[in-house]
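Please keep the sequence and the structure side by side while you read, and find each residue in both as it is named. We will begin with a cluster of rings, go on to a sheet, and end with some individual side chains.

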Amino acid sequence: MNDPEGIFDEGFLRSLEVSVKIHHQLYPKVPPQGIYFEALVENAFKTIKKPYAMVQASNRNLPGHDLLVEDTRISLKTETGEGTRADRINITKLCTTEKEPWDAPTLVGRVLAHLSRYELILMLRAVWDRPIIHYQVLEIPIYRLRLIETADLQAAGRRKGRQSLGASVILDGQPIYYVFFDASDGKCSIRGLRVTDCIMLREWDIKID
């Protein structure tokens with residue numbers, strides 16, 4: 001499926017694939033994640049000479065976009081653990097919402113405010129099938145995540161004191177992912193988002209020793 005915004009064009013995707021392969025020459029068994037993935041994305045845009053500006057922040061936990069490309073605000077995510085599934089996506093930290101009050105309307109409002117700070121989410125995924133790592137580069141539609149506002153959040157877990165909250169997000173009578181607000185660290189995570197509900201931009205395999 002093609003990138004509807006035209007930001008992640010063929011030149012960028014080809015350059016990103018090459019950058020990931022070069023990364024594996026230095027770190028054969030460690031997929032890029034976090035700031036390393038951000039650096040590879042920056043390098044891929046630089047290689048194709050597309051205008052961009054990295055957004056600098058004094059605190060990496062502050063909400064906001066990671067990259068500004070042609071006035072488009074982009075958030076970068078990775079899922080590279082050995083438990084990564086080919087058909088379902090987990091976002092371990094969509095955002096942090098640790099401030100009080102800790103109630104469903106407030107938490108959902110903070111997530112929606114966070115999502116409004118960027119237009120696109122680009123994710124790199126590493127699906128392990130030794131000796132192969134199958135890479136997926138995809139765009140996560142923000143409107144899918146905004147459906148969190150329709151979730152019927154309920155207490156989850158057995159933690160004493162402030163309770164975690166979670167719920168399945170339903171679309172057309174079917175659960176499309178599970179949203180979880182962790183009371184211990186204030187993080188909002190997404191579990192089991194269907195890959196088929198996202199825009200697959202590129203896939204390739206890398207053999208590791």
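A residue is called buried when its relative accessible area is under 20%. In this model, which is predicted rather than determined by experiment, Phe12 has a relative accessible area of 0%, and it therefore counts as buried. Phe12 is also a good place to start, since it takes part in ring pairs with Phe8 and with Phe45.

A search of the whole structure finds three aromatic pairs. In one of them, Phe8 and Phe12 are tilted against each other, with 5.6 Å from centre to centre and 40° between the planes. In another, Phe12 and Phe45 are stacked, with 4.2 Å between the ring centres and 20° between the planes. Phe12 belongs to helix H1 (residues 10-26) while Phe45 belongs to helix H2 (residues 35-47), so this pair ties together parts of the chain that are 33 residues apart in sequence. Taken together, the ring pairs link Phe8, Phe12 and Phe45 into a cluster. Phe8 is buried, with a relative accessible area of 2%, and Phe45 is buried as well, with a value of 0%.

From Phe45 we can step to a charged side chain, Lys50, which is found in the loop between H2 and strand S1 (52-54). Is Lys50 buried or exposed? Its relative accessible area is 12%, which lies under the limit of 20%, so Lys50 counts as buried. When residues up to four places away in sequence are left aside, Lys50 touches Gly6, Ile7, Asp9, Phe45, Val69 and Glu70, so that one member of the ring cluster, Phe45, is among its contacts.

Now turn to the sheet, which is open and has five strands in the order S4-S10-S9-S8-S7, with antiparallel pairing. Strand S4 (88-96) and strand S7 (154-156) stand at the edges, and because each has a single partner strand, one side of each is left without a neighbour in the sheet. Neighbouring strands here are turned by 30° against each other on average, if direction is ignored. Within this sheet, strand S8 (residues 164-171) and strand S9 (residues 174-181) pair in the antiparallel sense over seven bridges, and Leu165 stands opposite Phe181 in S9. Helix H3 (residues 104-115) packs on the sheet, where it touches S4, S8, S9 and strand S10 (187-194), and its direction makes about 100° with that of S4.

Two arginines lie over the faces of aromatic rings. Arg191 lies over the face of Phe180, at 4.2 Å from the ring centre, and Arg162 lies over the face of Trp102, at 4.0 Å from the ring centre.

The cysteines remain to be considered. How many disulfides does a search of the whole structure find? The search finds zero. For Cys95, the nearest cysteine sulfur is that of Cys188, at 5.0 Å, whereas a disulfide would need the two sulfur atoms to be within 2.5 Å. The sulfur of Cys198 is 15 Å from the closest cysteine sulfur, again in Cys188, and this is too far for a bond. Both residues are nevertheless buried, Cys95 at 5% relative accessibility and Cys198 with a relative accessible area of 6%.

Conventions: Residues are numbered from 1 along each chain as its sequence is written. This is a predicted model: local features need pLDDT of at least 70, side-chain atom pairs count only at pLDDT 80 or more; totals for chains, interfaces and linings use all residues. Side-chain values use heavy atoms; hydrogens and water are left out. Two strands pair if DSSP finds at least two bridges between them. Helices (H or I, at least four residues) and strands (E, at least two) are DSSP runs, numbered from the N terminus. Axes are lines fitted to C-alpha atoms, for helices over the stretch in contact, and angles run from 0 to 180 degrees between N-to-C directions. Contact means heavy atoms within 4.5 Å. Rings of Phe, Tyr and Trp (its six-membered ring) pair if their centres lie within 6.5 Å; planes under 30 degrees apart count as stacked, over 60 as edge-to-face and the rest as tilted. Buried means under 20% relative accessible area, exposed over 50%, partly exposed in between (1.4 Å probe, protein chains only). A charge sits over a ring if NZ of Lys or CZ of Arg is within 6 Å of the ring centre and within 35 degrees of the ring normal.
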